[in-house]
Amino acid sequence: MNLKHFAGALALSTMMMMPLGASAQDAETAVIGVSIPAATHGWAGGMNFHAQATIDALEERYENLDFVLSTASDPGQQVSDIEDMLATRDIDALVVLPFESEPLTGPVARVKEEGKWVTVVDRGLAQENIEDLYVAGDNPGFGRVAGEFFVERMPEGGNIVVLRGIPTTIDNERVEAFEAAIEGSGIEILGMEHGNWNRDDSFEVMQDFLSRYPEIDAVWASDDDMAVGALEAIAQSGREADMWVLGGAGMKEMIQRVMEGDEQVPANVTYPPAMIGTAIELTALNFVGNAPVSGDFIIGSVLITPENAEQYYYPDSPF
Amino acid sequence: MSDHAATPAKTTSSSGFKIDFHIWGPVIALVVLVIAGAMMNPNFLSYGNVTNVLARSAFIGIIAVGMTFVITSGGLDLSVGSMAAFIAGVMILIMNALVPSMGVGIGIVLVGMASALVVGLAAGLVNGLLITQARIEAFIVTLGTMGIFRSLITWLADGGTLSLDYTVRELYRPVYYSGLFGVAWPIIVFAVIAIIGEIVMRHTAFGRHCAAIGSNEQVARYSAVHVDRVRLMTYVLLGILVGIATIMYVPRLGSASSSTGVLWELEAIAAVIIGGTMLKGGFGRVWGTVVGVLILSLIDNLLNLTDLVSPYLNGAIQGVIIILAVVLQRQKKAQR
């Protein structure tokens, strides 16, 4: 009786597994899974936009490519998403922007062990050599390019204040490179406070900087959301003519001001959310062409000035 | 727990010379902070800085006045920060949508303000009805609506930032930045709401009913207090006040995103408790809440104006002062 039961269950489960295996065999198309964090702040919103836009364009261009996009609002959910992709969608490649490095390392490594192609974007995994392709922005470069711009704009030196992001490795790398770039130039950092990549926080921090320091020549806001808050605080104090602000990350409103030659916003530094698009395109190339695409692909941070601003302006993006 | 808490305050009228820390604790803390600030930075008491600090306290302050009534009647509302973000988003969307049909004028700003009040009222009503009619714990209801409002604003903004139309913004901007006789509008609104709140709490049946429900719901019910109606009213009132706070907030930066109003609920609750209102309900005072709000924003301001500690430790300093302020009150009270 027991044995019969067991045999029945076994037969049933084999039957259920059959069609899945069969359909995967005769499918010619390659399936690329894309797993990214949900749009919880400006930059991530832009990243989601570019992911969707790239997928739409690639599905149009290549008939034999299929995409599965999932957005997760925490690392746990992202792990489940990836497991689901592997189990039910039979992906051939995974493009992942890890929410956090540590919790995602194991699950992504398992995808690799299954013999799938793995592309990791922006945040590296905790273990090396899992991914086939690594696409990322350049955080020290982001700080260095900004620092070099300050040195160029202020040959005589001067007084600046700095708004920092949320205390993280990303922020530390940027600030260290910035400080190294302005060393010996006569530019003095009067104060540094955390504006947490947030408009409201940076507005208040900038108000206090303005009360505290009568002479500020420039502000490194280090992020465009923080630049918005800082510019508003400066406008309130009526000191617009005294100082300029350098943000970063390429928010469309800021790029527009650079394009129009705004004195207060002379430039911007990129940290493009479109890097997810680069990663998806390169991964797709692996399945449709013969060009080798494995390795590391670091997207440099570029200085945006009125001359080249147009090519970094995406009016349709939410960021 | 202790009998001391239950005995009325006026047991030792003979020792009128002693400072009653329960009443004066928050005020003393505020005065100490102001003196310390003035000594550390000459700009601290400048007109500009005082205006900055008071104006930025206004959002949390207006919300905290409403929170005082909710907490006094034994409730809690964790959703106010997300609610503020959601209201700000809806307000911006409505005003932007009306620009083509209404044109840019005072009318559009008034419609925006009205919509903030209506959405605030509706949001407060939802919280209040779920708590009083569906009989779900306030903590759970507002934890749920906190997530709902936060997701809705993220969804409305498509993960990015909602920005108010530039021309409307220029028209609306003075609501935050200008004022009457050199006093900024947010400060005036905050002051008026605080005064009305204090009067309602002290001198009306509604205020006394809140305290009665918070101290003993059963007794209040037997004393013919409409417990559910009063409870519902506190959440609706809070919702409307969140709407008013948002009306003052939107002209400041002209935008709303998923990072708007994060942790406002906890700042408001902290201000209420620092001010001497009991977290478990039964006793509340609005002027204490105002002092609590000022203490919290002064700490932030002072830390930015000086280099006393690493900015990494700002949160720790705030935490210590919050706990100290409450310990000071409670200990002295217990000794009596």
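A: Two strands pair if DSSP finds at least two bridges between them. Strands (E, at least two residues) and helices (H or I, at least four) are DSSP runs, numbered from the N terminus. This is a predicted model, in which local features need pLDDT of at least 70, side-chain atom pairs count only at pLDDT 80 or more, and totals for chains, interfaces and linings use all residues. Residues are numbered from 1 along each chain as its sequence is written, chains are lettered from A and ligands numbered from 1 in the order in which they are written, and side-chain values use heavy atoms, with hydrogens and water left out.

Q: Which residue in S2(A) is the bridge partner of Val34(A)?
A: The partner is Leu69(A). Strand S1 (residues 30-37) of chain A pairs with S2(A) in the parallel sense, over 8 bridges.

Q: In what order do the strands of the open sheet in chain A come?
A: The 6 strands run S2-S1-S3-S4-S5-S11, with parallel pairing. Strands S2 (65-72) and S11 (295-299) of chain A have a single partner strand each, so one side of each has no neighbour in the sheet. From one strand to the next, the twist averages 15 degrees.

Q: How is a salt bridge recognised, and how many does the structure hold?
A: A salt bridge is a side-chain nitrogen of Lys or Arg within 4 Å of a carboxyl oxygen of Asp or Glu. Over all chains there are 17. In one of them, the closest N and O atoms of Arg199(A) and Asp225(A) are 2.9 Å apart. That pair links distant parts of the chain, helix H7 (residues 199-212) and helix H8 (residues 224-237) of chain A, with the two positions 26 residues apart.

Q: Are Arg199(A) and Asp225(A) buried or exposed?
A: Buried means under 20% relative accessible area, exposed over 50%, and partly exposed in between (1.4 Å probe, protein chains only). Both Arg199(A) and Asp225(A) are buried.

Q: What is the nearest side chain of opposite charge to Arg174(A)?
A: For charge, Lys and Arg count as positive, Asp and Glu as negative, while His and the chain ends are not counted. The nearest is Asp223(A), 5.5 Å away, and Arg174(A) is buried yet has no salt bridge.

Q: Which side chain does a polar contact of 2.9 Å join to that of Arg174(A)?
A: A polar contact is a pair of N or O atoms within 3.5 Å; within protein, one must be able to donate a hydrogen and the other to accept it, and residues adjacent in sequence count only if both atoms are side-chain atoms. Here the other side chain is that of Asn139(A). Arg174(A) itself lies in helix H6 (residues 169-182) of chain A.

Notes: Axes are lines fitted to C-alpha atoms, for helices over the stretch in contact, and angles run from 0 to 180 degrees between N-to-C directions.
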